[in-house]
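Student: I have a model open and would like to go through its strands and its packing with you. Shall we start?

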Amino acid sequence: AKARGGGGGAKGKGKGASKADDDDEGEEPEASSGGEVGEGARLEIPALSKRMDSCIDQFKKDLAPLKPGRATPGMLDHVAVPQPDGAGTAPLLSLGRVIVRDAQKLEVTVFDPAMAAAVAKAIGAAGLELNPTFERNVVHVPLPRITAEQRRALVKTVQQLAEKSKMSVRKVRQAALKQAKALEKSMGKDEVKRLEKDVQDLTDATVKKLGEVSAAKEKELLED
């Protein structure tokens, strides 16, 4: 069983432009790749590829918590339990160990049995639509079957995360094209055009991969 817890902008449009340019208006979020390319440095396509790959990796991480009604320990990570002395709250993970009993049920083994009722109450009030019960120091957390409406809401979240990732890719692309343009005097127009095409091809491939990851996740969420 899985366990959790323990103790303590430039558009660059033209011949090379393609679908990656769509909806390129407005402020872009920070790319998950770790920043823009310096204008004074040589544009290295392998390094650019790594930055774009990091956008895909981050997208996959963002999708990981989205599960179609399946129990995962991380579902309770944000739960805060009020302390009996009124001195604020404590993270649930500091008070007990969360395990996956089966696909539709979590269990929390509370270290201090006197806190079991408070833990169960906090889980019930955490906005997860869960109705836990407890017996001695064990809190049982059954998961209701996900509804069609909830599945559609999860799919919408996937699509929003996909668009955010595409915007990060466009930001990396924008910086790379700006750098390539700055190299025109030293490299010549033909070499710069080749670099711009390489950047665009890499951008298109990355956006396509993001679409494939998104489609696979949407299919998973919509299936029983």
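Student: Which residue in β7 is the bridge partner of Val108?

Tutor: Happy to start there; this is a predicted model, in which local features need pLDDT of at least 70, side-chain atom pairs count only at pLDDT 80 or more, and totals for chains, interfaces and linings use all residues. Residues are numbered from 1 along each chain as its sequence is written, and side-chain values use heavy atoms, with hydrogens and water left out. Strands β5 (residues 105-110) and β7 (residues 138-142) run antiparallel and are joined by five bridges; strands here are DSSP runs of E of at least two residues, helices are runs of H or I of at least four, both numbered from the N terminus, and two strands pair if DSSP finds at least two bridges between them. Across this pairing, the β7 partner of Val108 is Val139.

Student: Which residue of β5 is the bridge partner of Val100?

Tutor: Val100 takes us to β4 (residues 96-102), which pairs with β5 in the antiparallel sense over six bridges. A hairpin connects β4 to β5 through two residues. In β5, the partner of Val100 is Leu106.

Student: Which residue takes a positive phi in the hairpin of β6 and β7?

Tutor: Strand β6 (residues 133-135) runs antiparallel to β7, with three bridges between them. Glu135 stands opposite Val138 in β7. Two residues lie between these strands, and the one with a positive phi, near 55 degrees, is Arg136.

Student: Which element gives the most residues to the largest nonpolar core?

Tutor: A nonpolar core is a set of buried Ala, Val, Leu, Ile, Met, Phe, Trp, Tyr and Cys residues joined through side-chain atoms within 4.5 Å, where buried means under 20% relative accessible area, exposed over 50% and partly exposed in between (1.4 Å probe, protein chains only). The largest one has 28 residues, of which Leu43, Leu48, Phe59 and Leu63 touch the most other members. Two or more residues come from each of α1 (45-63), α3 (148-182) and α5. The top contributor, with ten residues, is α3.

Student: How far from Glu218 is the nearest side chain of opposite charge?

Tutor: Glu218 sits in helix α5 (residues 189-222), and beyond its neighbours within four places in sequence it is in contact (heavy atoms within 4.5 Å) with Val155, Val158 and Gln159. Lys and Arg count as positive and Asp and Glu as negative, with His and the chain ends not counted; a salt bridge is a side-chain nitrogen of Lys or Arg within 4 Å of a carboxyl oxygen of Asp or Glu. Glu218 is buried without a salt bridge, and the distance to Lys166, the nearest side chain of opposite charge, is 8.3 Å.
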